[in-house]
Amino acid sequence: MTAATRALVAAVAVAVLLLTSCAADPAPDASTTVDFLALVGGTAPPVPPLDTSRIERGEIVYQQHCASCHGAELQGAPDWKALNADGTWKPPPHDSTGHTWHHPDQLLTDIIRDGGGFPETRMPAFASVLSDTDIDALLEYLKANWAEQERAFQWQVTWQEANR
C-alpha cells in the first residue's frame, strides 16, 4: 500500500471512528482500535510517561474551570448523550466512559482554547483564561484518569495526527 493510500485509509478510519464513537454505546474496544489504527497509520512509539507536577497543576485547572460543567470527578453531565432542550449537547465525561480519549491532543487543545466551534455546543473558549501551559497540564490530568487502553488509543491518534 502506498503512503498516500495508507494516509487516505487512516483519515477515513479516524473520521468514521470520530463520527460514530461520540454517540456509540458502548465505547469501542480501545485495544482493537489501536491495532487497526497502527495497521493503517503506522505504530506510534511507546506511550510517554505522565508528569506528576503537570497532573497536579492540571487538576487545579480542571477544578477551577471545568468541573462546574463536566463534573468534579470528570463524570460529565447526567444523561450526557441526550441533547438539552435548546438542541445543544450536554458536557461529556472526561474519564474513560466518555469520548475525550478518542481525539488527538491538538484537537482537544483547539476545543479548550477556541471553544466547541459548532452551534450544538455550549463549550466556551478559554484562550483568554488559560495559558498553553495550563491547557497542556489539563490534558495531562485527563490522561491520568484514563485506563491504559484509552491512553494507548489516544496516544496513537495524537501521534498519527502529528506525523501526517
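**Exercise 1. Helix α6**

Task: In this predicted model, how many residues does helix α6 have, and what is its reach from first C-alpha to last?

Solution. Start by finding residues 132-144, the stretch that forms α6. This stretch holds 13 residues. Next, look at the two end C-alpha atoms: the helix reaches 18 Å between them, close to the 18 Å expected at 1.5 Å a residue.

**Exercise 2. The buried residues of α6**

Task: Which residues of α6 are buried, and what covers them?

Solution. First, recall the cut-off: a residue is buried when its relative accessible area is under 20%. Going along α6, the residues that pass this test are D134, I135, A137, L138, L139, E140, Y141, L142 and K143. Then look around these residues. The cover includes α3 (52-65), α5 and α7 (148-162). Here is a handy idea for reading any such list: an α-helix has 3.6 residues a turn, so residues three or four places apart point the same way.

**Exercise 3. How α5 meets α6**

Task: At what angle do the axes of α5 and α6 cross, and which residues of the two helices meet?

Solution. Begin with the axes: those of α5 and α6 come within 10 Å and cross at roughly 120°. The angle falls outside the range of 65 to 115 degrees for roughly perpendicular and is not over 145, so α5 is oblique to α6. The crossing of these two helices is right-handed.

Now move to the residues. On the α5 side you will find D105, L108, T109, I112 and R113, and these meet I135, L138, L139 and K143 of α6. Sorting the residues of this contact by type gives five nonpolar, one polar and three charged.

**Exercise 4. A closer look at T109**

Task: Is T109 buried or exposed, and which residues does T109 touch beyond its sequence neighbours?

Solution. Locate T109 in helix α5. Its relative accessibility is 12%, under the 20% cut-off, so T109 counts as buried. Setting aside neighbours within four places in sequence, T109 is in contact with I135 and L139. Both partners are on the α6 side of the contact between α5 and α6.

**Exercise 5. Helix α7 and a partner from another loop**

Task: What is the reach of α7, which of its residues are buried, and where is P48 found?

Solution. Count along α7 and you get 15 residues. From first C-alpha to last, α7 reaches 21 Å, close to the 21 Å expected at 1.5 Å a residue. Its buried residues are E150, R151, F153, Q154, Q156, V157, T158 and Q160.

P48 is in the loop between α2 (30-41) and α3. At 34% relative accessibility, P48 counts as partly exposed. Leaving out neighbours within four places in sequence, P48 is in contact with R151 and W155. P48 and R151 are 103 residues apart in sequence, while their C-alpha atoms are 9.6 Å apart in space.

**Exercise 6. The loop between α4 and α5**

Task: Which residues does D95 contact, and how are L74, Q75 and D79 exposed?

Solution. Take D95 first. D95 lies in the loop between α4 and α5, and at 18% relative accessibility it counts as buried. Not counting neighbours within four places in sequence, D95 is in contact with E73, L74, Q75, W101, N145 and W146.

Next comes L74, in the loop between α4 (67-70) and α5 (105-114). L74 is buried, with a relative accessible area of 3%. Although D95 and L74 are 21 residues apart along the chain, their C-alpha atoms are separated by 5.6 Å. The phi of L74 is near 65°, a positive value in a residue other than glycine.

Q75 belongs to the loop between α4 and α5 and counts as partly exposed at 40% relative accessibility. Beyond residues up to four places away, Q75 touches H70, P93 and D95. From Q75 to P91 there are 16 residues in sequence and 9.3 Å in space, C-alpha to C-alpha.

Finish with D79, in the loop between α4 and α5. D79 counts as exposed at 56% relative accessibility. D79 has a positive phi of about 55° although it is not a glycine.

**Exercise 7. The whole chain**

Task: How many helices and strands does the chain have, and what percentage of its residues are buried?

Solution. Count seven helices and zero strands. Read along the sequence, this gives the pattern α-α-α-α-α-α-α. Of the 164 residues, 38% are buried. Finally, among contacts between residues at least 6 apart in sequence, 65% join residues at least 24 apart.

Notes: Residues numbered from 1 in each chain as written. Predicted model: local features only at pLDDT ≥ 70, side-chain atom pairs only at ≥ 80, totals over all residues. Heavy atoms only, no water. Helix = DSSP H or I, 4+ residues; strand = E, 2+ residues; numbered from the N terminus. Buried < 20%, exposed > 50% of the residue type's maximum accessible area, 1.4 Å probe, protein only. Expected span 1.5 Å × (residues − 1). Contact = heavy atoms within 4.5 Å. Axes fitted to C-alpha atoms, helices over the stretch in contact; angles between N-to-C directions. Parallel < 35°, antiparallel > 145°, perpendicular 65-115°, else oblique. Left-handed = near helix turned anticlockwise from the far one by under 90°. Nonpolar A, V, L, I, M, F, W, Y, C, P; charged D, E, K, R; others polar.
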